[in-house]
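Me: I should like to go through the terms used for this model one by one and see what each rests on. Please set the values against the definitions.

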Amino acid sequence: MLSRLTTRGALAATASIAVVGVGVMIWPALRDPDVLRRTTAEPAATEAPKAAAAAAPAAAPAPEPTEETAGTTVLSDPTRTTGAIAATSERDEIAGMAEPSMVSAPPAAPLALGKEAADSAPYRSTPAPQVLVASEAPAASMAAGADAADTLLTAPPRDDTEVFANAAANPVKIAAEEPVSTFSIDTDTASWSILRSSLMAGVMPPKDAVRIEEMVNYFPYDYAAPAVGEAPFRASVSLFATPWNKDTELLRIGLQGALPAVAERPPLNLVFLIDTSGSMEDANKLPLLKQSFRLMLGQLRPEDRVAIVTYAGSAGLELEPTPAADQTTILAALDRLGAGGSTAGAEGLEQAYAVAEKMGTEGHVSRILLATDGDFNVGIDDPEKLKDFIAKKRASGIYLSVLGFGRGNLDDATMQALAQNGNGTAAYIDTLGEARKVLVDQLSGALFPIADDVKIQLEFNPAAVAEYRLIGYETRALAREDFNNDRVDAGEIGAGHQVTALYEITPVGSPAHLSDPLRYAAAPEAHETPGELGFLKLRYKAPGATTSTLVETPISARPGEADTDARFAAAIAGMGQLLGEPKYLGSWGWDDAIALASGARGEDPFGYRIEAVNLMRLAQSLSR
């Protein structure tokens, strides 16, 4: 009998009978919507209607809101998200009977917050989803009036390891005691982009990330260019009333670099030094880096040459020096890059310098463009030791610039140390629009120097100035004697680059005087030219030169009306102080900064200034 029952025909008949029996048993249950609810509802659903919750007695109770989860959408088990969505879709497709109220909708991305949620969004304790926005212009949506939170990208995790280069805010100084102020110029812009990425992620930026001079210098201004035969840059000076203190004045010093014709610029030897370590795998790191370099390749000339060096666990030459005209070969090398391994940054730097030295040709400009999140964890990783290493290489005439990518483990301190000691600049790329600004619109200034070791020294007239403070440039301060020492390194100015510096000045006799007069100090003697506020001196070297050139300009003590650019620069300086150290602003706050910047937008062809206004509005909301 057993052999008869195990024939193919018998087994098929037996299976058919079993299926029919099971169908008869479950059909009434399938026709009962309440039963269907109990079998399809997610056990941990906390947003279901009350009727559904009553029909699912085994559902877990909704967690009590905490300070960290308030205002955010939090999944009780993020690892189940994909499975829950897939299971729901499968049930809907097969049964076709689930009620709309019971369909598990895909959870909102924690960072795609609306205006209200963004105001209370905390740092995440786990890395947030990485979303790449490949916008041609970073300010496009904001210029159209969109709220910054609506174009939210990524938030750095709360337990991040970011390190920023900064120092305590410059104090107020008494002109009679310390009449001389000396600093190195700075054309970096990384701080602004970092602040923007934080604000657009719904969090206030770290105070250490605020470098006011980089915020102010992010924006273009209408300064007069030098005439043919003059120095490679021209200084413009203006004095006007301080927005946050009617009894003080702002002194603005603006430098405009000459912009030679493209045909006259020297050929370029460019080494891409690309961090391909495991920390670069996120979408806003290596993938964005590749897209950014693609944009720049279209701006290079046929006589320019490109090489690619990568570093992870060790360094390697990914692309031999190749003419920029051979874009197919260069792009293929970029496409091959993938992230993985540790970060042997120092080894990568050594190889990049070696490649650049071999590429060196008389009359060419050689520059290494380091793209990284700054997370060096193999070999030399101390910023001070890296500074020494780069300082030794600086004599070779090879420039080093740094592009930062990504958040969470961004080592801004290392990036600043490398750029400042490599006679280069530092920028932070958070969107493809920012990459276009830095590597397309400002390519000549980013890659072609016109003046090295540029220093500023300002001597104030104690008969006209009681107190002063330099707003920003804390990490660029120099000793008074460093100004005349050509062995002391300073910043560079690229073709067409601009530099802006602001001092807040307290005139003699002003009620804004913060320091009491000394009992035993003699009154300052009137200068023989009482109409002078001070005396401006600039030093610079021609690229490749070892001896500096001096430029001197007296500064009038007579204030004037602030033009549009001056008012906007003041608004950005005020924004920086509100984000960092606001103790000198009195009652001046976000409403004042927003009004000042809004009224000084000018033509704003690329939308940078309206973007700033919207970021101020967002910062105001987040600070409440």
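Me: What makes strand β11 (residues 449-460) and β13 a pair, and in which sense do they run?
Reply: Strands pair if DSSP finds at least two bridges between them. β11 and β13 have three bridges and run in the antiparallel sense, so they satisfy the definition of a pair. Within this pairing, P449 stands opposite G494 in β13. Strands themselves are DSSP runs of E with at least two residues, helices are runs of H or I with at least four residues, and both are numbered from the N terminus.

Me: How are the residues numbered, and what kind of model is this?
Reply: The model is predicted; local features need pLDDT of at least 70, side-chain atom pairs count only at pLDDT 80 or more, and totals for chains, interfaces and linings use all residues. Residues are numbered from 1 along each chain as its sequence is written, and side-chain values use heavy atoms, with hydrogens and water left out.

Me: Which residues of β13 point one way and which the other, and are they buried or exposed?
Reply: G491 and I493 point one way from β13 (residues 491-494), whereas E492 and G494 point the other way. All of them are buried, a term that means under 20% relative accessible area, with exposed meaning over 50% and partly exposed in between (1.4 Å probe, protein chains only).

Me: Why is V271 called buried?
Reply: V271 has a relative accessible area of 1%; the cut-off is under 20%, so V271 counts as buried. V271 is found in strand β5 (residues 268-275).

Me: What is V271 in contact with, leaving aside its neighbours within four places in sequence?
Reply: Contact means heavy atoms within 4.5 Å. By that criterion V271 is in contact with A307, V309, A352, V355, A356, M359, R367, I368 and L369. For V271 and A307, the C-alpha atoms are 4.8 Å apart in space, although 36 residues separate the two in sequence.

Me: How do you know that β5 and β6 are paired, and in which sense?
Reply: Seven bridges link β5 and β6 in the parallel sense, and at least two are required, so the two strands are a pair. N269 stands opposite R305 in β6.

Me: What makes β5, helix α10 and β6 a right-handed unit?
Reply: A crossover is right-handed if, with the strands pointing away from the viewer, the path from the first strand over the helix to the second runs clockwise. β5, α10 (residues 286-297) and β6 make a β-α-β unit that is right-handed.

Me: Why is strand β6 described as mostly covered, and what joins β6 to β7?
Reply: Six of the seven residues of β6 (residues 305-311) are buried. Six bridges join β6 to β7 (residues 315-323), and these strands run antiparallel. The bridge partner of R305 in β7 is P323, and β6 and β7 form a hairpin with three residues between them.

Me: Why are β7 and β10 called edge strands?
Reply: The order of this open sheet of six strands is β7-β6-β5-β8-β9-β10, with mixed pairing. β7 and β10 (426-429) each have a single partner strand, so one side of each is left without a neighbour in the sheet. Neighbouring strands of this sheet are turned by 20 degrees against each other on average, direction ignored. Helix α15 (residues 432-441) packs on the sheet, touching β8 (365-372), β9 (399-405) and β10, and its direction makes about 150 degrees with that of β10. Such angles run from 0 to 180 degrees between N-to-C directions, with axes fitted to C-alpha atoms, for helices over the stretch in contact.

Me: Why does D186 count as buried, and what does D186 touch?
Reply: D186 has 1% relative accessibility and therefore counts as buried. D186 lies in the loop between β2 (180-184) and α8. Not counting residues up to four places away in sequence, D186 touches E213, E214, N217, Y473, R476 and V499.

Me: Why is helix α8 described as mostly covered?
Reply: In α8 (residues 190-200), eleven of its eleven residues are buried; among them are W192, I194 and R196. Just after α8, G202 takes a positive phi of about 85 degrees.
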